[in-house]
Amino acid sequence: MAEEERPDDAAPQRRDDGLDLARSAARAAARIPGQPARRKGSGKGSGTGSSGEFRRRVRPRSSGAHPDDRDPQLLGSALDRLVTNHGWAFDLQVQGVFARWSELVGAEVGAHCTPETLTEGKLVVRTDSTAWATQLRMLAPTVVRRLNEELGDGTVAIIEVLGPNLPSWKKGLRSTRGRGPRDTYG
């Protein structure tokens, strides 16, 4: 009779939580033809924890003795890389020069003239009055030389000087052609 009780003991024990079914399904999926066989692990880190849940084993990539991208980076080098990747280097140089405008052209000229744009070698500068516009036109070669020293040779080729924003005398339906009231605002 001991022989008859043996088949009952040999029957697999079923759990109520369904883990045995999940394990058997995973084993069956691992045996699919055309799929590479998975290595079985043993001991600590074999893929299953003490509670039976599956954990993916990840091999750490070690950087070794030489620095790589995963190592902590200095803030300055990270910003330099960001500026270079986005092509902001020239724009930052131009904005830096605009911020130091009074230092480059002198305090007196800088107080009455402000740079507006720099595109394709043409610097547009707005002045307070027509007198300062004339003064800046005479200083243009010196300003161009100084800006090219800061931004690089050939960056600024010409300076366009704009006078102050004057009110328009063209009002109403009827207006005449002509020179207008002349320069009485500077």
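A residue is called exposed here when its relative accessible area is over 50% and buried when that value is under 20%, with partly exposed covering what lies in between. Please keep that in mind as we go through this structure, which is a predicted model.

Let me begin with Leu-75, which sits in helix H3. Its relative accessible area is 62%, so by the cut-off of over 50% it counts as exposed. Leu-75 is also one member of a nonpolar patch on the surface, where it is joined by Leu-79, Leu-82, Trp-88 and Leu-92, and together these residues offer about 500 Å² of accessible area. If we ask which element gives the most to this patch, it is helix H3, spanning residues 75–86, with three residues.

From the nonpolar patch I would like to turn to the charged side chains, where the structure holds five salt bridges. I will take you through three of them, one at a time.

In the pair formed by Arg-126 and Glu-116, the closest N and O atoms are 3.1 Å apart. Arg-126 belongs to strand E2, residues 122–127, while Glu-116 belongs to strand E1, residues 113–119, and so this salt bridge ties together parts that are ten residues apart in sequence. As for their surroundings, Arg-126 is partly exposed, with a relative accessible area of 22%, and Glu-116, at 39%, is likewise counted as partly exposed.

The next pair lies within a single helix: Glu-149 and Arg-145 are both in helix H7, residues 130–151, and they are four residues apart, which is about one turn of the helix. Their side chains meet in a salt bridge with an N to O distance of 3.3 Å. Glu-149 is exposed, at a relative accessible area of 55%, whereas Arg-145 is partly exposed, at 45%.

That leaves Arg-100, and here the picture involves a network, since salt bridges that share partners join Arg-100, Glu-103 and Glu-150 into one. Within it, Glu-103 forms a salt bridge with Arg-100, and the closest N and O atoms of that pair are 3.7 Å apart. Is each of these two residues exposed or partly exposed? Glu-103 has a relative accessible area of 57% and is therefore exposed, while Arg-100, with 30%, is partly exposed.

To close, I would ask you to look once more at the two themes side by side in the model: the nonpolar patch on the surface, to which helix H3 gives the most, and the salt bridges, of which the structure holds five.

Technical notes:
Residues numbered from 1 in each chain as written. Predicted model: local features only at pLDDT ≥ 70, side-chain atom pairs only at ≥ 80, totals over all residues. Heavy atoms only, no water. Patch = residues over 30% accessible without salt bridge, like charges linked within 9 Å, V, L, I, M, F, W, Y side chains within 5 Å. Areas by Shrake-Rupley, 256 points an atom, 1.4 Å probe, with all protein chains shown as cover. Salt bridge = Lys/Arg side-chain N within 4 Å of Asp/Glu carboxyl O. Buried < 20%, exposed > 50% of the residue type's maximum accessible area, 1.4 Å probe, protein only.
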